[in-house]
Amino acid sequence: MQFAFGVYLRESSQLIGYISIKTIDWNIPKCEVGYFVRRKFAGNGYMTESLFRIRDYCLSDLKMIKIFLRIIPSNQGSKKLAAKAGFR
């Protein structure tokens, strides 16, 4: 089971990325969150808002106790985003 969500611009409804909840283990409960935003839209806060909302949804609604992000070591932007959202 996994959940997939599009990331859309409010003003035009243009799809600019996605964010998903995957690798769910209800026994622990834990999951992995993956995300992508088109390069043209990176650095504008769209994925920051999306990650905060998904993080809160996982904790509050799905009752997850662990949420993992898998980040390529060279992806500094994603590392900064993860830290901003409280991930270690």
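The following exchange examines how descriptive terms are justified for this predicted model.

Me: What makes the size of the protein chain agree with that of a compact globule?
Reply: For 88 residues, a compact globule would have a radius of gyration near 12 Å, and the protein chain has 13 Å, which agrees. Along the principal axes, the C-alpha atoms fill a box of roughly 40 × 30 × 20 Å. Of the 88 residues, 35% count as buried. The accessible surface comes to about 6100 Å², and 53% of that surface belongs to carbon and sulfur atoms.

Me: Which elements make up the protein chain, and in what order do they run?
Reply: The order from the N terminus is β-β-β-α-β-α, which gives 2 helices and 4 strands. Among contacts between residues at least 6 apart in sequence, 46% join residues at least 24 apart.

Me: How do you know that strands β1 and β2 pair?
Reply: Pairing requires at least two bridges, and 6 bridges join β1 (residues 3-8) to β2 (residues 15-25), so the two strands count as paired. They run antiparallel. One position in this pairing is G6, which stands opposite Y18 in β2. The two strands form a hairpin with 6 residues between them.

Me: What makes S13 notable in the turn of that hairpin?
Reply: S13 has a phi near 65 degrees, a positive value in a residue other than glycine. Most residues other than glycine have a negative phi. S13 is found in the loop between β1 and β2.

Me: Why is S13 called exposed?
Reply: The term applies over 50% relative accessible area. S13 has 53% relative accessibility and therefore counts as exposed.

Me: How do you know that β3 pairs with β2 and with β4, and in which sense does each pair run?
Reply: At least two bridges are needed for a pair. β2 and β3 have 7 bridges and pair in the antiparallel sense, whereas β3 and β4 (residues 66-69) have 4 bridges and pair in the parallel sense. Both counts satisfy the requirement, so both pairs qualify. D25 stands opposite K30 in β3, and the bridge partner of V33 in β4 is L69. A hairpin of 4 residues joins β2 to β3.

Me: Why is strand β3 described as largely enclosed by the rest of the structure?
Reply: Of the 8 residues of β3 (residues 30-37), 6 are buried, so the strand is largely enclosed by the rest of the structure. Buried here means under 20% relative accessible area.

Me: What makes the peptide bond from I28 to P29 cis?
Reply: Its omega is near -20 degrees, and the bond is cis. Most peptide bonds are trans. P29 is found in the loop between β2 and β3.

Me: Why is W26 called partly exposed?
Reply: Partly exposed covers the range between 20% and 50% relative accessible area. W26 has 44% relative accessibility and therefore counts as partly exposed. Its place is in the loop between β2 and β3. Leaving aside neighbours within four places in sequence, W26 is in contact with M1, L62 and M64. W26 and I65 are 39 residues apart in sequence, and their C-alpha atoms are 10.0 Å apart in space.

Me: Why is R55 classed as it is, buried or exposed?
Reply: The cut-off for buried is under 20%. R55 has a relative accessible area of 18% and is therefore buried. R55 lies in helix α1 (residues 46-60). Not counting residues up to four places away in sequence, R55 touches I67, A85 and F87.

Me: How do you know whether K63 is buried or exposed?
Reply: Exposed means over 50%, and K63 has 57% relative accessibility, so K63 counts as exposed. Its place is in the loop between α1 and β4. K63 also has a positive phi of about 60 degrees although it is not a glycine.

Me: Why is P73 called exposed?
Reply: The relative accessible area of P73 is 60%, and the term requires over 50%; P73 is therefore exposed. P73 lies in the loop between β4 and α2 (76-84). The C-alpha atoms of P73 and V7, 66 residues apart along the chain, are separated by 24 Å.

Me: How many positive and negative side chains does the protein chain have, and how far apart do the centres of the two sets lie?
Reply: There are 15 positive and 6 negative side chains, and the centres of the two sets lie 8 Å apart.

Terms used: Residues are numbered from 1 along each chain as its sequence is written. This is a predicted model: local features need pLDDT of at least 70, side-chain atom pairs count only at pLDDT 80 or more; totals for chains, interfaces and linings use all residues. Side-chain values use heavy atoms; hydrogens and water are left out. The radius of gyration is taken over C-alpha atoms; the globule rule is 2.2 Å times the number of residues to the power 0.38. Buried means under 20% relative accessible area, exposed over 50%, partly exposed in between (1.4 Å probe, protein chains only). Contact means heavy atoms within 4.5 Å. Accessible areas come from the Shrake-Rupley method with a 1.4 Å probe; for residues, only the protein chains shown count as cover. Lys and Arg count as positive and Asp and Glu as negative; His and the chain ends are not counted. The place of a charge is taken as NZ of Lys, CZ of Arg, CG of Asp or CD of Glu.
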